[in-house]
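Colleague: Got a few minutes to walk me through this model? I'd like to ask about its fold, its interface and its salt bridges.

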Amino acid sequence: MTAQEVRLCGLLLQEHFGEVVERIGTHLLRGGAQNLRTIANETNTPLDLVKKSLCVLVQHGVCDFGSGRRGPGSPVEYRGNCERVLRILRYPRYIYTAKTLYGDTGELIVEEVLQRGHMTMSNTVKTVADRLTHNMEEGRSMEYSEVVSSFSKLVETHFLQRCPPVAETATAAPSATPATHRTPASVTPPTAESNPDCYKLPPVTLTGRGKRRRSSDDGEEPGGVKKAKMDSESCGDEGIYWQVNFERFHQHFRDQAIISAVASKLDQTSSEIVRTMLRMSEVTTTPTAAYTQPLSANEIFRSLPPNYSISRPILDQGGSLTGRSDLHRALANLARATLESVVQERFGSRSARIFRLLLRKRHLEQKQVEDFAMIPAKEAKDMLYTLLSENLVQLQEIPKTPDHAPSRTFYLYTVNQLPTARLLLQHCYKTVANLIERRLFETKENKRLLEKSQRIEAILASLQASGAEPEQLTEVEEMITAPERQQLEALRHHINKLDSTENQVDETIFLLESYIISTKSK
Amino acid sequence: MVCIFKNVTPLAEHYSKLTFPHVSTKTVQLTSGKIAIKSSNTILLYELCQQFPHGITDQVIQNDMPHLEAQQRAMAINRLLSLGQLDLLRNSSGLLYRMKDAQTASKMKGSDNQEKLVYQVIEDAGNKGIWSRDIRYKSNLPLTEINKILKNLESKKLIKAVKSVAASKKKVYMLYNLQPDRSVTGGAWYSDQDFESEFVEVLNQQCFKFLQSKAEVARDSKQSPMVQRNSSFATSHEVWKYICELGISKVDLSMEDIETILNTLIYDGKVEMTIIAAKEGTVGSVDGQMKLYRGVNPIIQPTGLVKAPCGLCPVFDDCHEGGEISPSNCVYMAEWLDF
């Protein structure tokens, strides 16, 4: 939990949940496991606010609780989860992926679950149906069954999973046998995967249609009240909450990155083959596996989409007969390409040449670098020293004599991929935090203007709803002058740009994080 | 090598001051009366040496002239050595005496022993040349003497000084008619101690264009993927031929030069290389292998981090919220947002 990470987490929490939660959250992240009293005292917030924010954090999986360090009798301790907060940055990407795979329904389902943290299936289905109905034309509404089918598809492909059951409280622990429960004395909370029913849909049938929400419909028919009561009846799946399976989404992103890399390196056909191989092993490999399962050429050939008519001989030529992807190597290559591209954009193509040279040849002397890279000595020296000062390149001393006399020592330049990747990852976090801060700053600067435009929009909307004449509308519109309108446009443009750049930097973060995690698990 | 025998006669110096008539062939003109008393042995030895242009050992001399005692033999050898007619070499079985080339023999007339010593040291350094300090170590002569001798030899056009590329102030000396070695002048990429970067750049681009066009032709041919891939490869020999035909280089480039250029393209990430086994004798193969090169696309687009100004910012580490440089007042961001 570096300073940059904590800063970024604080900004994200503030944007999504507000100031109080942000304060509690950053305190948790900085301070490790703490119990309720400590949090309340150190952050000077009233106890009930602390409780509420902790509820919010737990609901979203940011905070875990477990029994205290001094054994089962001590007060419960809460722990913040930094990684989970950083996932918030990636929500747009998850939603977009769901949209491409499962259409609008899927997109809305994932969006709802992300927003609420944990939700029951029936709740989700109802909300999504209502939302979809709201966007459809008059007179049509969304069938629950369609939403349910999308939901089940998401569960089948493991994009959604059940939340792990909550551990028993400390008082009940002694009576429970260790065989049936995880004893609360263990500090690690149960993971979602440990539940064998993790991907089983609850046996409920939901029938009905989405309700259209009318803004002027205050006086509901008496039937509406009854309907509301019926909706709040238990649908048989109380207590079964669903959450988004982030690991599965990450697997999907990783596969996409590998496929596009193969496509640009070899050609379209090979990338299709790789895509099929990866898809077939989607559900069978764990997220941290180094290799996908071996697949025979027959299976691959059968599962290829029919419009790619490749004859068997070509498939055989394209790779080994039992195909197996080395995921670690693929991730390492992608991370290496990322590092190289950063050096290239930042320092120029010649420095990039030196960087790639050092990556390949591991250790080189100054003279050898100049010779291999075919760059004049003075310029090469300059570039190497710049890279050294940015810590992208390290110097290794090999003494010839026991007294490390500089004239009798070899100085070798080298690049270590893993530490450099970590360094760049921290840079990325700082960059995203900078972008968010700039966005907040821009919004604050133009707060007056934004408020004014909002007021005018509200006035316009109310006038239109109550049927006003065109002259009144234009009069209201003219309350915003032309330069102000331009400023507003520019502001909107800025904020969009900052937002989209955050997402792009997040892609880099994802690649580097996957690489670092894959090396840790070896 | 000049050998200092224990029984070097003082007359050696005397002989070296004699002027020798220019000998273009190896006819023995030693029979001129000017040669001193024990010339018969010397002449015999001389003739013997002529018979064996590759050199003779002590054993051979003994066999041929059994009447010669060891000391007399040594004196004769020394005489010829000091006259500069013989070369003393050492091989695995002992000492070897060899006829010196007549041309070089004539050059040394008028030089004294020290100069000859220095000359021999420089000659031994071959075409890499030797630094003046190393000459001093090898010959154990004081610095002033060395400098005088070097100036002398240079004026006689026997040696020349070549500036080294590695250290621009260092001068190495080598024989006048030798071509300096590549490591000293830097080979084809250096002209007068200057690295020709534009030349390298031009070659770089030409090679890359050639490989790229080959890859495109292969891709457009729409054959099966493996055939496409194979036909987009080019051997280093093909690239070399293409560059030679282009004629953009005034210096002759060897295949190794082209390979160094192709290696820089690999380090640019634009080209990849594989090595295949090739039969000896096929065009362009070196030690039973051939190197194939192929143009490639980068495997990812420029990464997300560099799309933000922070990724390229030179003062990234100084940037803090609330400081002089902060995201709120960042000039780079302001410019970038208005773009």
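What follows is a chat about this predicted model.

Colleague: Let's start with chain A; how many helices and strands does the secondary structure of chain A come to?

Modeller: Chain A has 522 residues, and buried ones make up 45% of them. Of the chain A contacts between residues at least 6 apart in sequence, 67% join residues at least 24 apart. As for the secondary structure, the count is 21 helices and eleven strands.

Colleague: And the largest nonpolar core: which residues have the most contacts inside it?

Modeller: That core has 99 residues. Helix α6 of chain A, residues 91-116, gives the most to it, with ten residues. Another core, of 19 residues, lies apart from it and includes B:F208 and B:I261. Back in the largest core, the residues with the most contacts inside are A:L160 and A:L358.

Colleague: Is A:E484 buried or exposed?

Modeller: A:E484 sits in helix α21 of chain A, residues 482-520. Past its neighbours within four places in sequence, A:E484 is in contact with A:R448, A:L449, A:K452 and A:M479. Its relative accessibility is 13%, and the cut-off for buried is under 20%. So A:E484 counts as buried.

Colleague: Over in chain B, how far apart in space are B:V121 and B:S139?

Modeller: B:V121 is in helix α6 of chain B, residues 113-124, and counts as buried at 8% relative accessibility. Leaving out residues up to four places away in sequence, B:V121 touches B:I130, B:I135 and B:K138. B:V121 and B:S139 are 18 residues apart in sequence, and their C-alpha to C-alpha distance is 7.7 Å.

Colleague: On to the interface: how much area do chain B and chain A bury between them?

Modeller: The contact takes 49 residues from chain B and 49 residues from chain A. On the chain B side, B:Y267, B:I299 and B:L337 supply 18% of the area buried against chain A, more than any other three residues. Of the area the two chains bury between them, 62% is on carbon and sulfur atoms, and the total is about 4,400 Å².

Colleague: Which element gives the most to the side of chain B that touches chain A?

Modeller: Between chain B and chain A there are 14 residue pairs in polar contact. Elements giving two or more residues to the chain B side include α10 (197-220), α11 (225-231) and α15 (331-337) of chain B. By class, that side has 27 nonpolar, 13 polar and nine charged residues. The element that gives the most, with five residues, is α13(B).

Colleague: I see salt bridges there too. Which residue of chain A forms a salt bridge with B:D268?

Modeller: The count between chain B and chain A is two salt bridges. In one of them, B:E201 pairs with A:R353, with the closest N and O atoms 3.8 Å apart. The B:D268 pair crosses from the loop between α13 and β10 of chain B to helix α15 of chain A, residues 349-361, and both of its residues are buried. Its closest N and O atoms are 3.0 Å apart, and the partner of B:D268 is A:R353.

Colleague: Inside chain A, how far apart in sequence are the parts that A:E112 and A:R131 tie together?

Modeller: The side chains of A:E112 and A:R131 meet in a salt bridge at 2.7 Å, N to O. A:E112 is buried at 3% relative accessible area, whereas A:R131 is partly exposed at 29%. A:E112 lies in helix α6 and A:R131 in helix α7 of chain A, so the pair ties together parts whose separation in sequence is 19 residues.

Colleague: And where does A:E390, the partner of A:R346, lie?

Modeller: A:R346 and A:E390 form a salt bridge, the closest N and O atoms being 3.5 Å apart. A:E390 is partly exposed, at 23% relative accessible area. A:R346 is in helix α14 of chain A, and the pair ties together parts 44 residues apart in sequence, with A:E390 in the loop between α17 (377-389) and β10 (394-399) of chain A.

Colleague: Last one: which residues are linked in a network of salt bridges?

Modeller: Over all chains, the structure holds 24 salt bridges. The residues linked in a network are A:E83, A:R87, A:R90, A:D506 and A:E513.

Conventions:
Residues are numbered from 1 along each chain as its sequence is written. Chains are lettered from A and ligands numbered from 1 in the order in which they are written. This is a predicted model: local features need pLDDT of at least 70, side-chain atom pairs count only at pLDDT 80 or more; totals for chains, interfaces and linings use all residues. Side-chain values use heavy atoms; hydrogens and water are left out. Helices (H or I, at least four residues) and strands (E, at least two) are DSSP runs, numbered from the N terminus. Buried means under 20% relative accessible area, exposed over 50%, partly exposed in between (1.4 Å probe, protein chains only). Contact means heavy atoms within 4.5 Å. A nonpolar core is a set of buried Ala, Val, Leu, Ile, Met, Phe, Trp, Tyr and Cys residues joined through side-chain atoms within 4.5 Å. Buried area is the accessible area (1.4 Å probe) that two parts lose on being put together, summed over both. A salt bridge is a side-chain nitrogen of Lys or Arg within 4 Å of a carboxyl oxygen of Asp or Glu. A polar contact is a pair of N or O atoms within 3.5 Å; within protein, one must be able to donate a hydrogen and the other to accept it, and residues adjacent in sequence count only if both atoms are side-chain atoms. Ala, Val, Leu, Ile, Met, Phe, Trp, Tyr, Cys and Pro count as nonpolar, Asp, Glu, Lys and Arg as charged, and the others, Gly among them, as polar.
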